[in-house]
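Let's walk through this fold together, with the structure open beside the text. We'll go from one sheet and the helices on it out to the whole chain.

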Amino acid sequence: MNYFELKISINPDMEDIMSDIFFSNFDCEGVILAEEAYKDLEMTSTTRGTLKVFLTSFPQNLNEILHTERELLKERGFSDKDLGSWEIELDEKENQDWSKKWKEKWDITHVTDRIAVVPSWLNYTPKENEITITLDPGCAFGTGTHQTTQLCMKALEKYMPQGASVADIGTGSGILAICAIKLGASSAYGCDNDPTVIDVCKENAEKNHVVCTFELNTADKLTQKYDFVCANILHNVLAEIMGDLKNIMKPNAKMVLSGILDEKKDIVYEAIKREHLKVIETLHQDQWIAIVVQN
Ligand SMILES: C[S@@+](CC[C@H](N)C(=O)[O-])C[C@H]1O[C@@H](n2cnc3c(N)ncnc32)[C@H](O)[C@@H]1O
């Protein structure tokens, strides 16, 4: 079967958001990011990336769809520099086993000494006390390879009390709710405002033999309160819903806020201050930060 290989120049930090655009709008079977180191005009060392997208049909209305998605991201606070140039090359390829080709790129992600994310087609024997999360990378946001997800898993490992009730707002693939249960939470609730992810979350929980609750919902509609909250959403959304997130925290509960580019952190710190939450620690990975707060 022929397939289409699309190459698009992106900021590597946007890999998962860009992947999501292709999975949601086109017949996309997988993505691979290639990063190249380069010095930008200010001579700051940075990177640029090319996202290779494997499509099983010709991407109809490609330019219009990308234009709309770019405008939406700009409304959400991303600058042209944050997004990358989005230059495109599109080639039709013949008779290659593309699904095998993109799978070759993926390996086990050792997030910490205790947490490994394992692609579902690989066999892995965990070390003593290590937990594994089995997922299909490249298929939805939250495949464990993105810095923002890893920062949340690190915060869960460090700050979530054993037996905690956990809420994961913006659950994506359900990875953080699944991780929480594997790290010893007594219950995990995940919600997302995207209706297409809920079934994927449920399948992922089954694949990992854990029980979590997933539903289409947002923090403002929740009435229950939790011992630990995860919210890996864009910085401006976090700032907007900080009051709703605080409302679902029990007294003294902790929360990890992630999805924050270092240069956008002040927007989130201001919202934390506005809601009188106490900052416990700020975690860093590359250009991303996550903030752990307490009620
Ligand atoms: C960056 S992904 C995080 C996925 C996963 N939790 C992880 O850590 O890898 C953000 C998710 O939040 C969802 N989202 C965005 N705004 C939201 C809101 N206001 N309430 C609930 N979910 C939201 C998106 O649909 C997306 O699935």
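## Helices on the sheet

Helix H8, residues 235-247, lies across three strands: S8 (165-169), S11 and S12. Its direction is about 175° to that of S12. Keep in mind that you're looking at a predicted model.

Helix H7 is another one to find on screen: residues 198-207 lie across strand S9 (187-192) and S10. Here's how the two helices line up:

| Helix | Lies across | Angle |
|---|---|---|
| H8 (residues 235-247) | S8, S11 and S12 | about 175° to S12 |
| H7 (residues 198-207) | S9 and S10 | about 175° to S10 |

Now for the sheet itself. In what order do its seven strands come? Reading across, you get S10-S9-S8-S11-S12-S14-S13, in an open sheet with mixed pairing. The edges are strand S10 (213-216) and strand S13 (278-285), each of which pairs on one side only. Going from one strand to the next, the twist averages 15°.

Zoom in on S11 and S12 for a bit of detail. Strand S11 covers residues 226-232 and strand S12 covers residues 249-261; the two run parallel, with six bridges joining them. If you want a spot to click on, Asn232 stands opposite Ser258 in S12.

Stepping back, the protein chain has nine helices and 14 strands in total. How much of it is buried? Of its 295 residues, 41% are. As for contacts between residues at least 6 apart in sequence, 66% join residues at least 24 apart.

Notes: Residues numbered from 1 in each chain as written. Predicted model: local features only at pLDDT ≥ 70, side-chain atom pairs only at ≥ 80, totals over all residues. Pairing = 2+ DSSP bridges. Helix = DSSP H or I, 4+ residues; strand = E, 2+ residues; numbered from the N terminus. Axes fitted to C-alpha atoms, helices over the stretch in contact; angles between N-to-C directions. Contact = placed C-beta atoms within 7 Å. Buried ≥ 20, exposed ≤ 12 C-beta atoms within 10 Å, placed from the backbone.
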